[in-house]
Amino acid sequence: MNLEIVNCTPYTDQKPGTSGLRKSVKQFQRPDYLQTYIQAIFNTLEDREGSTLILGGDGRYFNREAIQIILRMASANGIGHVFVGKAGILSTPAASHLIRKKQALGGIILSASHNPGGPDGDFGVKFNVSNGGPASETFTDTVYQNACVVEQYRIRPIKPIPLDKEGVYDLFGMKIEVIDSVQDYMELMESIFDFDKIGQLLQSDSFKMRFDAMHAVTGPYAKRIFEQRLGAPEGTVFHAQPLANFGGGHPDPNQAHAKELMNQLYTNQGIAFGAASDGDGDRNMILGNHFFVTPSDSLAVLAANATLVPGYKQGIAGIARSMPTSQAPDLVAQKLGVPYFETPTGWKFFGNLLDAGQITLCGEESFGTSSNHIREKDGVWAVLFWLNLLAEKQDSVENIVRQHWAEYGRNYYSRHDYEAISSASGNIIMEHLRQQLATLAGTMIRGKMIRAADDFSYTDPVDGSVSEHQGIRILFEDGSRLIFRLSGTGTQGATLRVYLEQYEADVANHDQDTQEVLSDLIEIAEALGKVKELSGREAPDVIT
Ligand code: VG1
Ligand code: CO
């Protein structure tokens, strides 16, 4: 009754990348494109009958239509219960939390994260498993294989469910609850941070903060938490309304894309603290007055000061960072005497370490930081962590970071992105580098001795799984590093990322311009990778 089994032709390009299946909206609008992928997910979930799912997205173009399609398909595939965020909105961290709290089988998060939205932008589907984290590569490989052969999908032909108010519906035995997108997440934050102290700070006349929600998913979260719950003045959060095309912007919280926030913090408006988050709310950028905190440093500072926050006052078990992230967090772990791990890029690699209790904090250079409270990176959490530290230390962002450098040394760090070059050039550059790997160790280049060079391979210490070809690493005797990898989230051609890191112990040298300090490494990168020559580009598109 009311069940349609629709014949379809499978697509062979539904291979998830670093973070789910990400394609242009136009590709998603091809006949049954979303349906075949969702059916492939359901086919992979053998224990789906009667199970609970979490469903929501970052509010981008196609979000609502996709939710209605997925609800109809979930009911037709035997799912028992779906929690949907009001208006179809759930940030990635809020969805991760709900999966855990509701003991769901998993969650479907509709987002292309930091990629632009709108009819000409991108769309994406991520599947998170029952621990709240992104599905493992084994799982997503199976989804991909299923997608390549799916010839039928199951759906119920029914009218759309109203998503704009909370409510409970029954869809042929499947319960749908449209819930407040913010409440559960806010309660989790209250259980970790000292909301009284943060509230006092945000309400004091001498402290001004700006949060740029970039017209993306964190608007409703930030308004409720920073302004309504913690009492920051209205206007603290701007670009707060989620828009289907993010107001035409690029919802990536970095110096290049959060321009308005940068302007506010880098002019004399007396703003002490600035922060931004991305499309789906899992990234964060932290700024002080005239001061940028690199995401790698941010993780290190949070780790070094974790015991000042109620949720981490017992100390941390360990730290993990993605391979391209700077080594600043390692130095903190060494001092604390806790283990530290280097994982491939992408949050899915932190899940096992968190589940096994081997780490408490983790992060990536790409503006992602989080802890064992969920299994995703978490933008608003990182901002609250910084606010909690500022309230405890009664000091500025800049002083806190400078004191950190004085104690641990400074890891000068930058990432140069060459976006949407041709796939052919991307592969040629990587291949050209790979061919040099065997002979690089022991050679001197621009006065720097190469200690080792490899194509990063990771063996998961918990389940023993191996992930190869995770990026070319060139490691120097003095601790500097040069890393090349191709992005797994872009939707056009290839995006090449070049990561540069150089350590400086002497506090007298901590006040230099990052790109100048890294200029030798930048030249070495060009000499070895021939990026400009082989891509035809004169300069990186984005420098962070
Ligand atoms: C990028 C970042 C990576 C991050 C991923 C997803 O991947 O480099 O660190 O985990 O985006 O972030 P890539 O493969 O393009 O380098 V998000 O905020 O899209 O969920
Ligand atoms: Co994101």
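## The shell around ligand 1

By class, the residues surrounding ligand 1 comprise no nonpolar, 10 polar and 11 charged residues. In this classification Ala, Val, Leu, Ile, Met, Phe, Trp, Tyr, Cys and Pro count as nonpolar, Asp, Glu, Lys and Arg as charged, and the others, Gly among them, as polar. The structure is a predicted model, in which local features need pLDDT of at least 70 and side-chain atom pairs count only at pLDDT 80 or more, while totals for chains, interfaces and linings use all residues; side-chain values use heavy atoms, with hydrogens and water left out. Residues are numbered from 1 along each chain as its sequence is written, and chains are lettered from A and ligands numbered from 1 in the order in which they are written.

Of the 21 residues around ligand 1, those that come nearest are Thr 18, Ser 113, Ser 366, Gly 488 and Thr 489. A residue is near a molecule if one of its heavy atoms lies within 4 Å of it.

## Polar atoms and the cavity

Three side chains place polar atoms beside oxygen atoms of ligand 1. For Arg 485 the distance is 2.7 Å, for an N or O atom of Ser 487 it is 2.6 Å, and for an N or O atom of Thr 489 it is 2.5 Å.

The largest cavity is the space taken by ligand 1. On a 1 Å grid over the protein atoms alone, a cavity is a set of points where a 1.4 Å probe fits but cannot get out. A molecule sits in a cavity if more than half of its atoms lie within 2 Å of its grid points.

## The cobalt site

Which protein residues are donors to the cobalt ion (ligand 2)? They are Ser 113 (OG), Asp 278 (OD), Asp 280 (OD) and Asp 282 (OD), lying 2.0 to 2.1 Å from the ion. Ser 113 and Asp 282 tie together parts that are 169 residues apart in sequence, because Ser 113 lies in the loop between strand S5 (106-110) and strand S6 (122-129), and Asp 282 in the loop between strand S12 (273-276) and strand S13 (285-288). Donors are N, O and S atoms within 2.8 Å of the metal (3.2 Å for Na, K and Ca); water is not among the atoms, so sites may look incomplete. Strands (E, at least two residues) and helices (H or I, at least four) are DSSP runs, numbered from the N terminus.

Both Ser 113 and Asp 282 are buried. Buried means under 20% relative accessible area, exposed over 50%, and partly exposed in between (1.4 Å probe, protein chains only).

## Arg 497 and its partners

Arg 497 belongs to strand S26 (residues 494-504) and counts as buried at 9% relative accessibility. Its side chain makes polar contacts with the side chains of Asp 417 (3.2 Å) and Ser 487 (3.4 Å). A polar contact is a pair of N or O atoms within 3.5 Å; within protein, one must be able to donate a hydrogen and the other to accept it, and residues adjacent in sequence count only if both atoms are side-chain atoms.

## Two residues with positive phi

Most residues other than glycine have a negative phi. Phe 367, not a glycine, has a positive phi of about 70°. Phe 367 lies in the loop between strand S17 (361-364) and strand S18 (368-371) and is buried, at 4% relative accessibility.

His 290 likewise has a positive phi, of about 50°, although it is not a glycine. The loop between S13 and strand S14 (291-293) holds His 290, which is partly exposed at 34% relative accessibility.

Methods:
On a 1 Å grid over the protein atoms alone, a cavity is a set of points where a 1.4 Å probe fits but cannot get out, and a pocket is an open set with protein on both sides within 12 Å along at least five of seven lines; lining residues have an atom within 4 Å of a point.
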